[in-house]
Structure formats: C-alpha cells, structure tokens
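Here is a short tour for anyone meeting this structure for the first time. Have a look at the picture, and then we'll walk through some of its parts.

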Amino acid sequence: MIIDSHAHIIEHLSGMGARGEVRPVGDGRVRFLDGEEMQVIPREIGGAGFSAEQLLEQMELAHIDRAVLLHGLLYGLQNDYIYECVAKYPDKFKGSGSFDPCIDQAEVVLNRLIHHYGYRILKFELSTGAGMTGLHPDLKVDGEEFERVYAEAKRYGVTVVFDIGSRGMKSFQVEELIRAAIRHPEVKFTLCHLMAPNGTDFEAWRQDMKRLAARENIWFDLTAVPWNIHETYPYPVSLRYVAEAVKLAGTGRLLWGSDVPTLLNMDSYGNLYQYLIDGKICTANGLDDLLYRTSEIVYGK
C-alpha cells in the first residue's frame, strides 16, 4: 500500500500570491504579475490544469494506491473540484478544504467546508512566496483568524495542515505553531515539507524539529524535501534529514507525499518515494508508516 499524502489536482490554474495573480500561458507554464514564469505542470502533460484523471494515470504508472488532495494557493483553491472528484473516485481520493481565514465571511465559509462538503482536512498554504502571508503579511497561525478554525477542528475531528514555507520567510512560524499546538492539544496538526530544509541548515532545522516533535499532536509530511534541497536521485542529503526526523519524531509521526504535478518536473513519480525504500533509514514496519499507515491515522482511511 502506498498513499500519496500531498497531491494536487487543478481544474484550471488561477492562483494568487505575493506577486499578484497567476496566469496560465500554455504547456503547463504560468506567469506571475511581475513577469516571472514557472513550469508548474510538466510540458508533456501541459495545458492549464491537472485533472483527477491525469493524476490517476500517473498514480497507476507509479503503483500508488490512493492520494490525499491538498490545496496550493499557487494553483488556485479547488474546493468544488476536489469535492466532485472525491465523490467520483471515493476509493482513490481523500479531499481537503481551504480558504483565506482573513475574508469577511470566514465563519460562513468554514461552516460550509465542514458541513456541506464534509471536509475533515483543512490545508493552509502560508508560504510567503506562494501563500497567504504574501497576501496578509501579519497573519499568524496562533492568531485570532485561526482560533475559529481550531475550535471547529476540535469539535468535528478536523486535521489542520500548514505549509509554513522556509526559514527566513514571514510564514516560517515555528514558535507560533508550537503555541497553537499547546493551546489546542486535541487538534491534529500536519506540517508540510519537513519545514523545507535547504541542505545547509541542518543544525538549525534539527533544533526546530526537536522542539516541534515534542508536541505529540504535530505530524510531519516528507513532501518535496529533494526539491527544496535541489539534489538528484537518490537524494542523499534529503535522506539525512528524513533519517534525523525518524530519530526525533518516530515513523508514526511521518507521512510521505509527492507534491505532484510540479515535482514531476524534477523526477519520476516513483522515485519520489523509492528513495525512502532504497535509503534503508528505518525498518520495514517503519517504512509502512511512512508510505501509508501514518496517513491513515492522520487523515483517515
């Protein structure tokens, strides 16, 4: 069994971030309002979106059984599309909701995500370059905007997922996340990308990881670690960080994800998890935790 705990589907690229709107310009590329372009979807897949059917095709090729569909503000929020695709492929996908907690009707939207869509995962992209702190520089994960989220998460068993970006960004809110986790011990938190280490920050990363791992209601996804470190397969530097995370948090607090489709620009889907198998950083039982069992605990079966 392999579950991709951090995948994306995109009905139509329509994102927003620190550099303004994100416009698709063809062949899987987007242009930001400052003129910079980025290859979001591999050229051979191309287009202005990445459908559920395209993801399922890639999953079959890579022998991946199921996927958790998360949101990225770079792509545009996909609440309705994810809801429709989970209803269409319930054995393959588990969905999440997302919204901007600073909007005037935040309470109404939150209620709808939980009660109409039935989402029990809420994902918030905070990273400054492609997330909410690029729009709201003063937004804090322990601030009042998120308190209503945590209250509803406790009430309805919702897992709250954060991408806090990388060290040096306004979004990199380790202290704030620890305070939120202490204040709300009944809420499950998932922190994406293993805090986006860059390959040169091991000791600073380790100290943060040690403090976060002390909070038993925080889990960590292993998504896109090689992407942030900028290395090629078999990702030896990434393995060093993951191995240390295993020591500090245990395999039962770690879950693998891919961050497709963008990561398909870097390597094959299969290699994005195969390095964990080849790296022999934990027992076979621990590997089952990383590849599916922890995901079922945090996000449900």
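## Starting with Asp27 and its partner

Let's begin with Asp27, which counts as partly exposed because its relative accessible area is 42%. Keep in mind that this is a predicted model. The side chain of Asp27 meets that of Arg43 in a salt bridge, with 3.2 Å from N to O. Asp27 sits in the loop between S3 and strand S4 (29-32), while Arg43 belongs to the loop between strand S5 (37-39) and helix H1 (52-61), so the pair ties together parts that are 16 residues apart in sequence.

Strand S3 itself covers residues 20-26, and Gly20 is part of it. Is Gly20 buried or exposed? Gly20 is buried, because its relative accessible area is 15%, and the cut-off for buried is under 20%. Its C-alpha atom is separated by 6.4 Å from that of Phe32, although the two residues are 12 residues apart along the chain.

## More salt bridges

How many salt bridges does a search of the whole structure find? The count comes to 19. Another one joins the side chains of Arg183 and Glu147, at 2.9 Å from N to O. This pair links distant parts of the chain: Arg183 is in helix H5 (residues 174-183) and Glu147 in helix H4 (residues 144-156), 36 residues apart. Arg183 is partly exposed, with a relative accessible area of 42%, and Glu147 also counts as partly exposed, at 23% relative accessibility.

Over in helix H10, the side chains of Asp289 and Arg293 meet in a salt bridge of 2.8 Å, N to O. About one helical turn separates Asp289 and Arg293, because they are 4 residues apart in that helix. Asp289 is buried, with a relative accessible area of 12%, whereas Arg293 is partly exposed at 24%. There is also a network of salt bridges that links Arg19, Asp34 and Glu36.

## A sheet with helices packed on it

Next up is an open sheet of 3 strands, paired in parallel in the order S1-S6-S7. Strand S1 (3-7) and strand S7 (93-95) stand at the edges with a single partner strand each, so one side of each has no neighbour in the sheet. On average, neighbouring strands of this sheet are turned by 20° against each other, direction ignored. As a general point, strands of a sheet pair through backbone hydrogen bonds, either parallel or antiparallel.

Strand S6 (residues 66-69) runs parallel to S7, and 3 bridges join them. Leu69 stands opposite Gly95 in S7. Helix H2 (residues 79-88) packs on the sheet, where it touches S6 and S7, and its direction makes about 145° with that of S7. Helix H10 (residues 284-299) packs on the sheet too, touching S1, S6 and S7, and its direction makes about 60° with that of S1.

## A buried acid without a salt bridge

Finally, take a look at Asp163, found in strand S9 (residues 159-163). Which side chain of opposite charge is nearest to Asp163? That is Lys123, 4.9 Å away, and Asp163 has no salt bridge even though Asp163 is buried. The cut-off for a salt bridge is within 4 Å.

What does the side chain of Asp163 reach at 2.8 Å? The backbone nitrogen of Gly165. Leaving out residues up to four places away in sequence, Asp163 touches a number of others, including Lys123, Phe124, Glu125, Cys192 and His193.

Notes. Residues numbered from 1 in each chain as written. Predicted model: local features only at pLDDT ≥ 70, side-chain atom pairs only at ≥ 80, totals over all residues. Heavy atoms only, no water. Helix = DSSP H or I, 4+ residues; strand = E, 2+ residues; numbered from the N terminus. Buried < 20%, exposed > 50% of the residue type's maximum accessible area, 1.4 Å probe, protein only. Pairing = 2+ DSSP bridges. Axes fitted to C-alpha atoms, helices over the stretch in contact; angles between N-to-C directions. Contact = heavy atoms within 4.5 Å. Lys, Arg positive; Asp, Glu negative; His and termini not counted. Polar contact = N/O pair within 3.5 Å; in protein donor to acceptor, adjacent residues only side chain to side chain.
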